[in-house]
Amino acid sequence: MSRALRRLSLSGVLAGVLLCTPALAAPTREQIDRSVALREDWQYLTREIAWPAHWTPDSTAFTYRKTVEGGFAFETVDAATLKKSLAFDHERLARELTRALGRPVQPLRLPFAEFDYAGDPQVITFWLDEEGWRCTLADYRCEAQVNAGRPRGFGVVRDLSVPADNHPRLSPDGSREAFVEGDNLVVRRKGGDLVKLSTDGSAGDFYDPETIAWSPDSRHLMIYRVRPGYARHVLRVEAAPQGQLQPVLRSQLYPKPGDAVDIEQPVLFDVESGRQTVIDPALFPNAYELSAPRWRPDGQSVAFDYVRRGFGQARIVAVDAATGKAHAAVTEDARTFVYADRRFASELGKAGNEIVWASERDGWNHLYLIDGRTGRVKNRITKGDWVVRDVVRIDEDKRQIWFAASGMNAGEDPYFRHYYRVDFDGRNLVPLTPEGADHVASLSPDGRFLVDTYSRVDLPTVSVLRRAADGAPVSTVTKGDITRLAAAGFRAPEVFSAKGRDGKTDIWGLVVRPRDYDPAKKYPVIENIYAGPHDSFVPKQFWPFGYHSGGDKVIGMQALADLGFIVVQIDGMGTANRSKAFQDVAWKNLQDSGFPDRIAWHKAMAARDPAYDISRVGIYGASAGGQSTLNALLFHGDFYKAGVAMAGCYDNRMDKISWNEQWLGWPVDASYAAASGVDHAANLKGKLFMIVGEQDSNVDPASTMQVVDALIKADKDFDLLVVPGGEHSVGRSSGPIDYVTRRQFDFFVHALQ
């Protein structure tokens, strides 16, 4: 057969295959608009879906938000009688928030999902627009909580242009007050003269009044002397500010990887004698940060937490009040990184002679009982191929711990959290939340009860009041009803797991198909990605609306799927909440983003579902997910064909110091360049759409423009949307959400269909 005839025969075969596979019609603008509106249309169709509970300080009642007709209401339950009532007057609170915020607030759509009691059942606190708020329910007055003192860029560089909070700090016995004058520490008795305790402070090495810590017996003070780091400021032009014609220049304190951080030197003072002891820094060299000093209850020692620059070591340093001698109460070393934000320590007793400490030293996050005098392990508290996720209560008298863990139950999704009680010696492990689902429990302050709120993506939320001692149910509090949501067409996503790159490790994800899914058709696939090493992101709980740090939740994926796609989300290696080795894949390797696992998962799903077309795979994500989206097209462009990258940190040298040094280390090395979308822009394959908020305060928006510059220089085609005034969450939970969502949907329709 000639080559021409062979080509003709092959073409005929392909044509036959294509004719046998029904084609998908491109969605119309009306269909796209309907998908964009799906989140809002479906959000209020559930009833009795409850959020985690919060107890009153006296343990007599608990409160939660739940779905009701028209929105959401906060309900309080009496723990003794189980009688339910509204937590407060929703209309009065809405009127007050309307006044305080300067924008309309509806009673059944209050702009917060949870609140805490501020030591008084008549005072609540919550977060709103990244600010802390406080409302008194006696008179329904609300105000934003303004933090006094100097801002700190990501906690490590002080903004010296803002005065420190230098109000006099009163000693516990009320006899003296301490503050800083002329960069030095001074004290005075009430009505007495000033006594200067230090003379070595200067503008370039000053005593920080915000770190003053009195001992409980009022005999000693600890304070940090600070050598300032580099106060880098990111500048942004707001081109179209509200209420004026001319642009505005914005400035933000924003330390980046490699920048000099503040150097804090703990200094101990004997107030009566005036003796000054500069604590030997041998146990805390090259600190990334120190915690505020905290005195042990007996006043004999003071302690602080230390993280070494590069995140290879963390410890608690304890200082003897009489001698000023420091010792390591506990130390954690890592070949890769210590995950600073997941550290847990509880110093027990009046002298801190025992410490409950979380450690990954055996490859899994577990609890240990540490001798605080020597730093040695007294005994393990938990052990196994599973992960301690949280510690919720420690009873020193009974020597018992309540904690959350995942991965303990064989045959279950390893990310599901369950709660347990265990003794300090590791004995008498008691499961408290048996249902096969993801649990969030809230213990009463007196330790008698817990409210267990559990669900799965296919199981609406159930809340149960249980005895904290053994988990025995007392009463079902709420049970979610999704009858109307199901009638509108909602179907739970499919949970799917497949082996990862090593052929052994289970990789978990979920699949959202169009509501009119036809298994005889072929559907392009779109992956919703967030691969930040700090957590796992595939939803495990029911609530499918809104957004999370990883971007879309299920309904956003459904809206996209209804346009003729199969939309998936996957947790690959390099993310958290599995073994240490699983997460360590990300160390100095952010360009990996778990892609070998993700691609293996896609192929396994395609082998299972013939409608799953992996010749047309798109990807989208925001923030770290935006970086992963770009890197999919730079490093895996033969697999991923199109991507929407939003608010990405495309070059980790341009991003915030904290997140990036945690995963790439210090000093800045070749691993930063290896993950750079700027340095590898010439590798772009496929179609790229980048979206950025002009006023992004989380990721420097210049990172996006540097990729744009590199793509232009490499003669690469791409699309770009800059949203004037837009923040980091633009198009997701802020800004012109519908417009940005429609543009994203339009892009995928044209790129993949």
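Angles under 35 degrees between helix axes count as roughly parallel, over 145 as roughly antiparallel, 65 to 115 as roughly perpendicular and the rest as oblique. In this predicted model, the axes of helix 2 (residues 29-36) and helix 13 cross at roughly 130°. Helix 2 and helix 13 are therefore oblique to each other. Their axes come within 10 Å, and the crossing is right-handed.

On the side of helix 2, the contact is formed by Arg29, Ile32, Asp33, Ser35 and Val36; these meet Asp738, Thr741, Arg742, Phe745, Asp746 and Val749 of helix 13. By class, the residues of this contact comprise four nonpolar, two polar and five charged.

Helix 13 (residues 737-752) also packs with helix 6 (residues 554-561), the two axes coming within 10 Å and crossing at roughly 45°. That angle makes helix 6 and helix 13 oblique to each other as well, and their crossing is right-handed. Here Gly556, Ala559 and Leu560 of helix 6 meet Gln744, Phe745 and Phe748 of helix 13. The residues of this contact divide into four nonpolar and two polar, with no charged residue.

The two crossings are set out below.

| Helix pair | Axis approach | Crossing angle |
|---|---|---|
| Helix 2 and helix 13 | within 10 Å | roughly 130° |
| Helix 6 and helix 13 | within 10 Å | roughly 45° |

Phe745 of helix 13 takes part in the contact with helix 2 and in the contact with helix 6. Charged residues number five in the contact of helix 2 with helix 13, whereas the contact of helix 6 with helix 13 has no charged residues.

Technical notes. Residues are numbered from 1 along each chain as its sequence is written. This is a predicted model: local features need pLDDT of at least 70, side-chain atom pairs count only at pLDDT 80 or more; totals for chains, interfaces and linings use all residues. Side-chain values use heavy atoms; hydrogens and water are left out. Axes are lines fitted to C-alpha atoms, for helices over the stretch in contact, and angles run from 0 to 180 degrees between N-to-C directions. Helices (H or I, at least four residues) and strands (E, at least two) are DSSP runs, numbered from the N terminus. A crossing is left-handed if the near helix is turned anticlockwise from the far one by less than a right angle, and right-handed if clockwise. Contact means heavy atoms within 4.5 Å. Ala, Val, Leu, Ile, Met, Phe, Trp, Tyr, Cys and Pro count as nonpolar, Asp, Glu, Lys and Arg as charged, and the others, Gly among them, as polar.
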